[in-house]
Amino acid sequence: ILSYNSDTAMGVDAYVMSLNSPIKDKSHFATFSVDFNPAVANALKKSVNNESVWRGCVMMGTGLDHLFQNIVDKSIQALDGTLESKDDYAELFEITPDNVDEFMN
């Protein structure tokens with residue numbers, strides 16, 4: 001399940017990991033999110049042993065303001081025919097159980 005933010009992914013993870021969950025084989029289930037915080041880091045680490053189904057997240061390195069400004073600017077350029085590049089929307093970091101410790105500073 002792709003989640004818009006960490007709160008939604010936390011709810012997915014809590015439901016799937018609950019005793020009444022219909023998902024019995026956790027190793028074939030995953031949720032991914034945007035946002036990163038210590039709760040996300042802990043869940044990602046636990047997912048290695050299927051104690052969580054939160055398998056990864058994306059963190060925006062330059063922030064939402066930069067992302068939205070680029071979207072607006074690029075949209076205006078596309079509409080007036082001056083768009084030269086579709087690249088550089090925002091700096092994104094993929095965080096997985098393998099690299100989560102790098103982002104805990």
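Q: A helix here is a DSSP run of H or I at least four residues long; which helix holds Asp 13?
A: Asp 13 belongs to helix α1, residues 6-17. This is a predicted model, by the way.

Q: What makes Asp 13 a charged residue without a salt bridge?
A: The nearest side chain of opposite charge is that of Lys 46, and it is 6.4 Å away. A salt bridge needs a Lys or Arg side-chain nitrogen within 4 Å of a carboxyl oxygen, so Asp 13 and Lys 46 don't qualify. Asp 13 is nonetheless buried, and leaving out residues up to four places away in sequence, it touches Ser 52, Val 53 and Trp 54.

Q: How many salt bridges does a search of the whole structure find, and what makes the pair of Asp 101 and Lys 45 count as one?
A: The search turns up 1. The N to O distance between the side chains of Asp 101 and Lys 45 is 2.8 Å, and the cut-off is 4 Å, so the pair passes.

Q: Where in the chain do those two partners sit?
A: Asp 101 lies in the segment after β3 (92-95), while Lys 45 is in helix α2. They are 56 residues apart, so this pair links distant parts of the chain.

Q: Exposed or buried: what is Asp 101 called, and why?
A: Exposed, because its relative accessible area is 52% and the label starts over 50%. Its partner Lys 45 comes in at 38%, between the 20% and 50% limits, so Lys 45 is partly exposed.

Q: What makes up the largest nonpolar core?
A: It has 10 residues in all: Ala 9, Phe 36, Val 40, Ala 41, Ala 43, Leu 44, Trp 54, Cys 57, Ile 95 and Val 100. The set earns the name because its members are buried and joined through side-chain atoms within 4.5 Å. Helix α2 (38-47) and strand β2 (54-60) each supply at least two of these residues, and α2 gives the most, with 4. As a general point, nonpolar side chains in soluble globular proteins tend to be buried together.

Q: How do you know that the buried residues of α2 line one face?
A: Take the buried ones first: Val 40, Ala 41, Ala 43, Leu 44 and Ser 47. Seen down the helix axis, they fall within an arc of 165°, so they line one face of α2. The general background is that an α-helix has 3.6 residues a turn, so residues three or four places apart point the same way.

Q: What does Ala 43 contact, leaving aside its neighbours within four places in sequence?
A: Ser 52 and Trp 54.

Q: At the start of α2, what does a side-chain oxygen of Asn 37 reach?
A: The backbone nitrogen of Ala 39, to within 3.0 Å. The limit for a polar contact is 3.5 Å, so the distance fits.

Q: What makes the phi angles of Asp 35 and Asn 50 worth a look?
A: Both are positive in residues other than glycine: near 100° for Asp 35, near 60° for Asn 50. Asp 35 sits in the loop between β1 (31-34) and α2, and Asn 50 in the loop between α2 and β2.

Q: Why is Asn 50 called partly exposed?
A: Its relative accessibility is 29%, and partly exposed covers values between 20% and 50%, so the label fits. Asp 35, at 33%, gets the label partly exposed too.

Key. Residues numbered from 1 in each chain as written. Predicted model: local features only at pLDDT ≥ 70, side-chain atom pairs only at ≥ 80, totals over all residues. Heavy atoms only, no water. Buried < 20%, exposed > 50% of the residue type's maximum accessible area, 1.4 Å probe, protein only. Helix = DSSP H or I, 4+ residues; strand = E, 2+ residues; numbered from the N terminus. Contact = heavy atoms within 4.5 Å. Arc of directions from axis to C-beta. Polar contact = N/O pair within 3.5 Å; in protein donor to acceptor, adjacent residues only side chain to side chain. Lys, Arg positive; Asp, Glu negative; His and termini not counted.
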